[in-house]
Structure formats: structure tokens, C-alpha cells
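Reader: I would like to learn how to read strands, sheets and cores from a set of coordinates. Please take me through one case.

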Amino acid sequence: MDIKLKILVVDDEENSRDLINRGLTFSGFSCVTACDGEGAIEKLQKDSSINFVITDLNMPKMDGLKLVQKIRCSDNKKLSKIPILLVCGPNNRREEIKKAEINGFSLKPIGYKELAEKVKGIISSISDTQENF
């Protein structure tokens with residue numbers, strides 16, 4: 001893959017966030033982390049080199065779906081088009097997730113190899129149409 005990804009990993013559970021971060025780093029990606037949606041928005045506003053987001057669904061302050069909505073409604077065109085992968089445990093919010101403007105979805109737990117392949121698949125499917133790449 002020729003694209004250098006800098007992935008923002010957003011999860012309120014420190015262990016989950018760290019496992020995803022370490023697994024993706026081991027797979028060759030650069031990662032930064034945030035513990036909730038508000039922290040993610042701050043990082044995205046400060047660091048324009050972030051070009052992929054992996055977010056948990058259930059978080060305090062701002063959940064993953066609100067985060068997706070804020071990103072997609074951003075006045076910053078590059079930010080509003082950033083690829084987003086939503087990860088979560090089993091839940092009853094399927095209809096909300098289906099309506100969300102995300103590029104992919106995975107159930108927890110997910111292995112780092114599977115997650116890395118999911119990220120690569122998303123990038124491959126959109127790289128021809130996105131300015132980020």
C-alpha cells in the first residue's frame with residue numbers, strides 16, 4: 001500500500017484503545033488516540049495529517065455516532081470526507097448504525113490483523129475518489 005495512513009483511534013476503554021493502537025502500529029500504520037468523541041474532534045482540528053478514524057460506538061460525552069455526525073458536517077472538506085470505521089460490541093442500535101455515514105463496521109472483539117485488512121480494504125475502495133489520498 002503506497003498510502004501513508006495516520007489513524008485516529010477513539011475508544012473510552014483504555015485497554016481496547018491500546019490494543020488497537022499497538023496492533024495497527026505493528027501492522028505499519030501510524031496512530032494517535034483519543035478517549036472520547038470530544039477529544040477526537042480536538043485532535044482532528046489540530047492535526048490535519050490524520051486521514052482515517054476508527055471509533056468505538058459507546059463512549060461518554062460524545063458517542064461514536066455523534067462523532068461521525070460532527071465529522072461529516074464539518075466545514076473542512078478534507079475532514080468531512082475522512083474514512084471512518086465504527087467498532088462496537090453487540091448492541092441494539094443497528095438502525096442508527098445503518099444510517100450513519102461510515103465507511104465500515106466491525107464487531108468487537110476484532111483481531112489486529114483483521115482490523116488492518118479492514119482498513120486496507122476501505123482505503124482501496126475509496127482511494128480513487130478521495131482527496132485525502
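**Reading a sheet from the inside out**

Author: Start with strand E3, residues 52–56, which is mostly covered: five of its five residues are buried. Keep in mind that this is a predicted model.

Reader: Which residues of E3 point one way and which the other way?

Author: In a regular strand, side chains alternate between the two faces of the sheet. Here Phe52, Ile54 and Asp56 point one way from E3, while Val53 and Thr55 point the other way. All of these residues are buried.

Reader: What does Phe52 touch beyond residues up to four places away in sequence?

Author: Its contacts include Leu5, Lys6, Ile7 and Leu8, then Ile82, Pro83 and Leu85, and also Val119, Ile122 and Ile123.

Reader: How do I read the pairing of E1 and E3?

Author: Strands of a sheet pair through backbone hydrogen bonds, either parallel or antiparallel. E1 and E3 pair in the parallel sense, over four bridges. Two examples: Leu8 has Val53 in E3 as its bridge partner, and Val9 has Ile54.

Reader: And which residue in E4 is the bridge partner of Thr55?

Author: That partner is Leu86. E3 and E4 also pair in the parallel sense over four bridges, and Asp56 stands opposite Val87 in E4.

Reader: Is E4 mostly covered or open?

Author: E4, residues 84–88, is mostly covered, with five of its five residues buried. Ile84, Leu86 and Cys88 lie on one side and Leu85 and Val87 on the other, so to read the strand, take both faces in turn: each is covered.

Reader: Where does the chain go from E4 to reach E5?

Author: Take the pairing before the path. E4 is joined to E5, residues 104–107, by four bridges, and the two run parallel. The chain crosses from E4 through helix H5 (residues 94–99) to E5, in a right-handed β-α-β crossover.

Reader: In what order do the five strands form the sheet?

Author: The order is E2-E1-E3-E4-E5, in an open sheet with parallel pairing. E2 and E5 stand at the edges with a single partner strand each, so one side of each has no neighbour in the sheet. Neighbouring strands are turned by 20° against each other on average, direction ignored.

Reader: Which strands does H2 touch where it packs on the sheet?

Author: H2 touches E1, E2 and E3, and its direction makes about 160° with that of E1. H3 packs on the sheet as well, touching E1, E3 and E4, with its direction at about 170° to that of E4.

Reader: Which residues of H2 are buried, and what caps its N-terminal end?

Author: In H2 (residues 37–46), Gly37, Gly39, Ala40, Ile41 and Leu44 are buried. Their cover includes E1, E2, E3, H3 and H4. The cap is Asp36: a side-chain oxygen lies 3.0 Å from the backbone nitrogen of Glu38.

Reader: Last topic: which residues touch the most other members of the largest nonpolar core?

Author: In soluble globular proteins, nonpolar side chains tend to be buried together. The largest core has 18 residues, and those touching the most other members are Ile7, Leu24, Phe52, Ile54, Leu85, Leu115 and Val119. E1, H1, E3, E4 and H6 each supply at least two residues of this core. The largest share, six residues, comes from H6. A second, separate core has 17 residues, among them Val10, Ala40, Leu67 and Ile84.

Technical notes: Residues are numbered from 1 along each chain as its sequence is written. This is a predicted model: local features need pLDDT of at least 70, side-chain atom pairs count only at pLDDT 80 or more; totals for chains, interfaces and linings use all residues. Side-chain values use heavy atoms; hydrogens and water are left out. Buried means under 20% relative accessible area, exposed over 50%, partly exposed in between (1.4 Å probe, protein chains only). Two strands pair if DSSP finds at least two bridges between them. A crossover is right-handed if, with the strands pointing away from the viewer, the path from the first strand over the helix to the second runs clockwise. A nonpolar core is a set of buried Ala, Val, Leu, Ile, Met, Phe, Trp, Tyr and Cys residues joined through side-chain atoms within 4.5 Å. Contact means heavy atoms within 4.5 Å. A polar contact is a pair of N or O atoms within 3.5 Å; within protein, one must be able to donate a hydrogen and the other to accept it, and residues adjacent in sequence count only if both atoms are side-chain atoms. Axes are lines fitted to C-alpha atoms, for helices over the stretch in contact, and angles run from 0 to 180 degrees between N-to-C directions.
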